[in-house]
Structures are given as structure tokens and as C-alpha cells.
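Welcome, and please take a moment to open the structure in your viewer. We will walk through it together, one piece at a time.

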Amino acid sequence: MASFNEILQKNALVLVDFSAEWCGPCQMLAPILKEVKDEMGEKLSIIKIDIDKNQAVASKFHVQGVPTLILYKNGTQVWRQSGLQPKHELLKLINSHLS
């Protein structure tokens, strides 16, 4: 399996979803992210990181609350937001970074 950094470097657009099983908004976000992935296809990779199982990664990225979404373009962070995001906002954001 590819490492986190390899995925960020290999894929043009990567959306990282920091979440937790006990988090209500995280559960609501999961089907939204599935729909976003279905619409974006190969143009977008989505990585889901459970903060309880990956505390070191969550700490490294200074994740204070969940869900926290971070969008990377060519390995560089271009956007970060905590909280539930509507599908249309995510699609607009992702499409604005396609080039």
C-alpha cells in the first residue's frame, strides 16, 4: 500500500478527510464524499483518516476537530476546512483547482 506522502505526490488532487467513528457530522459527510468521488472519478483521490487510529498523523496535521478536510494539489495544501461541507461547495472548490 502506498504511503500517505506517496499518494499526495502521485495524485494531482487529493482530499484528505480526518474523521472519527463517534463523530456525527463525520457520518453525515461520508455519503457526500462518496457522491463527490463518483462525480469526480479519476480526477480526485480521497483519503479517509480515522484520528483515533492515526493519532500521530492527526497531530502532525494539527487536526483539532473532526471532520477536517484538507485539499492537496500536486502535493501542496491548497485548502483546509473543519466541519460538515455541502456537496455543491466541495465540487465547486475541487473544480476550481482542476487545471
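Let us begin at Cys26, which is found in helix H2. Keep in mind as we go that this is a predicted model. Is Cys26 buried or exposed? Its relative accessible area is 2%, and since anything under 20% is classed as buried, Cys26 is buried because its value falls below that cut-off. If you set aside the neighbours within four places in sequence, Cys26 is in contact with Ser19, Ala20, Val66 and Pro67.

Now look for Cys23, whose place is in the loop between E1 and H2. Cys23 has a relative accessibility of 4%, so it counts as buried as well. Leaving out neighbours within four places in sequence again, Cys23 is in contact with Val66 and Pro67. Val66 and Pro67 also appear among the contacts of Cys26. What links Cys23 and Cys26 in the records? An unreviewed UniProt entry carries the annotation "active site", and this annotation covers Cys23 and Cys26.

With that spot located, step back to the sheet. Here 4 strands form an open sheet, ordered E2-E1-E3-E4, with mixed pairing. Strand E2 (45–50) and strand E4 (76–82) stand at the edges; each has a single partner strand, so one side of each is left without a neighbour in the sheet. On average, neighbouring strands of this sheet are turned by 20° against each other, direction ignored.

For a closer look at one pair, follow strand E3 (residues 68–73), which pairs with E4 in the antiparallel sense over 6 bridges. Within this pair you can find Thr68 standing opposite Ser82 in E4.

Which helices pack on this sheet? Helix H2 (residues 24–40), the home of Cys26, is one of them, touching strand E1 (13–19), E2 and E3. The direction of H2 makes about 165° with that of E1. Helix H4 (residues 87–96) packs on the sheet too, touching E1, E3 and E4. The direction of H4 makes about 20° with that of E3.

Our last stop is Lys53, in the loop between E2 and helix H3 (55–60). Lys53 has a relative accessible area of 61% and is exposed. How far is Lys53 from Ala20 in space? The two are 33 residues apart in sequence, and 8.7 Å separates them in space, C-alpha to C-alpha. Ala20 is also one of the contacts of Cys26. Finally, the side chains of Lys53 and Glu21 are joined by a polar contact of 3.2 Å.

Technical notes:
Residues are numbered from 1 along each chain as its sequence is written. This is a predicted model: local features need pLDDT of at least 70, side-chain atom pairs count only at pLDDT 80 or more; totals for chains, interfaces and linings use all residues. Side-chain values use heavy atoms; hydrogens and water are left out. Two strands pair if DSSP finds at least two bridges between them. Helices (H or I, at least four residues) and strands (E, at least two) are DSSP runs, numbered from the N terminus. Axes are lines fitted to C-alpha atoms, for helices over the stretch in contact, and angles run from 0 to 180 degrees between N-to-C directions. Contact means heavy atoms within 4.5 Å. UniProt positions are given in the numbering used here, feature names are shortened, and annotations may be inferred rather than shown by experiment. Buried means under 20% relative accessible area, exposed over 50%, partly exposed in between (1.4 Å probe, protein chains only). A polar contact is a pair of N or O atoms within 3.5 Å; within protein, one must be able to donate a hydrogen and the other to accept it, and residues adjacent in sequence count only if both atoms are side-chain atoms.
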